[in-house]
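Here are a few exercises to work through with the model open beside you. Take each task first, then compare your steps with the solution.

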Amino acid sequence: MFSKFTSIIQHAVDALAPHLSMQEEFVYHWKAITSFFIDNKGEKMPVEQTNLAPHLEQMLLLLRREEEEGGDGGMYGPCLEYLIQHRLLDTLFSLARTDYPAGMKPTVLSFFTRLLSRIHQPLLAHVNVYRPVQRLIKACGEVRAGPTEIEEIQFLCTVCAKVKTDPYLVNFFLEAPKAPSGTDLPKSHPVTQEPPSDNKLHQDFHLVKTLLNLSHSEDSRVAVKACEGLMLCASLPDPVAAHCLVNRTGFCEDLTSRLVDTYRRLPAEINPLDLEHVQAKWGLEVVTRSEDEQTFAGKRQLVSFLSWLDYCDQLASVANPIVSEALARNIHQQFLVPHFQADLLQMSESGCITATAYMTRCLRTVCSPRLLSELVLFLLGDTRKPEAPDDPGDSLRARLIQRCSGLSEEIALITLQLFDTLLQKDDEHILHNLVLRNLEHRQYIDLLAKRKSYELECNTDACVHPSYNNPSKTDGVNTNTVEVKDGKINVESNTVNQICKEESSKNGSGITKDKREVISESLPEISGRQSDNAESEKESDSSTSSKVESCEIEAKDPEVVISEGCKDAGDSAEGKHKQTSKGESKDVQCKPDDNGAGSETEFSPMSTPQHLQTEVHKVVNCFLTLLPEDLKSSNQTSDSGYDMYLKDAHKQFSSLVDACKSGGYATAQSGNKSEPVPQFYEGAFLRMVLDRLSHLLDQSYPINLQLTSVVSKLALVPHPCLHEFLLEPYLPLRQGTRNLHTVFKKIASEIQSQFSVERDLGVKLYRVRRRLMGQSSSMHSVRQAATKTFERAGAESRLEAIIVFEEFCKELSAIAFVKHHAAVTGES
């Protein structure tokens, strides 16, 4: 009441007083503030009962009006000059430091905040401004859960925003320590880049220290604002500030210790499916106790851990490279190695499953290149040399690969999911460490057989239609793909062009008309092959389906039809071509590679990518005809879903091309002719994958689905060596060497043997397909429909494996065609 009465009298006096200039009025308000402390010595009253806050507010209004009325940009007005020259901010800091009268500190903090945010002229560069600001920064965050946290964080964030706008201002907030340096430096990982000056390195960064203190506030609003301020400070481009932040503050250690604390509070056992559905973003982790009890125990702790990991990941993405590297290495050394590694290597089955599920979820969360690189190095090691069969390699990597082949299906499944997630990440070291380092020299190729095949090709007259040459050498060739019609997969021109055009428009990349003119001329029409689209429940119009004996290809000229025998395509690199033109036919010998040209001295097995040497329709047919037609349960539906496979493969391959170009995958194809190895070794990871695939018929449905997901991601990689090892059926392999196609032939042979015993196998397969997928034919839909349990009867599990094998052959053939299409059009 007394304050209101005083304010009324003050306004009356102001109205009766003569008009003053802005500077005189500004000085009047300041003298009113100083006179209060002279007239009220020893009196204890809160600041709300004084007129100090209104006087400060009037001073801000005068400064703001002076700036708006001042026409000359960059010139200080008389009020601002008075504030700077008479060091008013130093006096206000002293009042805030003593907090007299009670509540003066938040009032001064608010004044500083509004002064820096509302006045657009550069103030912080002036010594009489940044010094009191620096001192006020040190006074913030001293008391945990203090009553002025809101005002403190608003002031600090305003300073951070000003420094972020003008990064050179950060030099005014780097202060040389009073104590001798070198004794109180926090232990931190040494940074790689040397600062410009050793003296500058030993400066304190009090702004970061204060923000770290406030980031531990119990008030979530204050903690989030403090984290935002830390992110602004870490992203400053100045290398000196980055070194001071890393070496003179506890920035990296504090963030890592909080990551460790949240990890230790995670539940010891958790359902991996619960991890997949938890969404966590830092600053938004609000999970009530009732929600925690309604979902699953430990969700609050899980959200807290993932939220803080997400914050560290985002900070590493935007931070200065020096800060990002130091933080990532500190997380590796202080969190991953001492805590995560022990959990991943434990012998307890339930604990091992939980730790692997946590690591998989961490990989899904992390996107920053630097932090992802440390996670990859932690899991796989840093070795890049080719593996040897007797080389144990990195212990954690070896243990993870070994668990994929273990007896426990739950451990094998969760570990395969870990590798599946790894292969989705954009890090060149992942693919190189797992597969490429053993394939890049192409020691799996039998060079003698390759040379003999080439000589035979050069000495044989190719008797094929002129319009059906190699797509990489033919101009104006029509682009064809498969389309189901009347129970058959017919060749339809421009279908792939349309698919690629639609998918490329979604991905922001187009296919030009000139590129489309050189796409492969044909894909086979496979008679008797019917489809199994997931969204259709229509029965096929034809009641019976015949086994494929030949592959018909329609050329641009409707009178010319070229058919190629596909019998036993996987067992021989040679087939028979049959050319028919106006009723005349001629049998010729088919060669595995149609585009080899030149003399023997010009031959080089490393010169041309294998997926351009072999006609694409041969590769497609080798995968599509592995399973007998009578055992294709998709024949009972009206659509094979092949177009869906083409769309999915094109979309996924297009997204991989740009990411892999940094690793040189599109052009790299090296070979070591001078130092051949006695025996080719595919590496521990590829050996495990091929071993698992060879037992596909004896494994559970979820294991097979996860395994095919891993293989499909490898097959999509645009690396020529990996492509030919996985997708080239006619590759001349060294003795004792296997690849994906040889394993598939073994599986097909086992299925054929079972079919010879059980004549009603096709009917059983159709029933199992309907139960598994609900008429869904897409391999993606098959994986989504994976069962929740592992207990299945042996016979039924074998039927499920045959269905997975059928769909996987379609998927691989679509991938092979899309990659061939991209190669001949220059998209990869």
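**Exercise 1.** How much area does the protein expose, and what share of it do carbon and sulfur atoms supply?

*Solution.* Start with the ground rules. This is a predicted model, in which local features need pLDDT of at least 70, side-chain atom pairs count only at pLDDT 80 or more, and totals for chains, interfaces and linings use all residues. Residues are numbered from 1 along each chain as its sequence is written, and side-chain values use heavy atoms, with hydrogens and water left out. Now the area: the protein exposes about 37,300 Å² (Shrake-Rupley method, 1.4 Å probe). Carbon and sulfur atoms supply 50% of that area.

**Exercise 2.** Find the cis peptide bond and place its proline in the fold.

*Solution.* Step one: the cis bond joins Y100 and P101, with omega about -5°. Step two: P101 sits in the loop between α5 (88-98) and α6 (104-118); helices here are DSSP runs of H or I with at least four residues, numbered from the N terminus.

**Exercise 3.** R87 and R442 have positive phi values; is each one buried or partly exposed?

*Solution.* Begin with R87, which is not a glycine and has a phi of about 55°. R87 belongs to the loop between α4 (78-85) and α5. Its relative accessible area is 42%, so R87 is partly exposed (from 20% to 50%; 1.4 Å probe, protein chains only). Next, R442 has a phi near 55° and lies in the loop between α22 (428-439) and α23 (447-459). Relative accessibility is 2% for R442, so this residue is buried (under 20%).

Terms used:
Helices (H or I, at least four residues) and strands (E, at least two) are DSSP runs, numbered from the N terminus.
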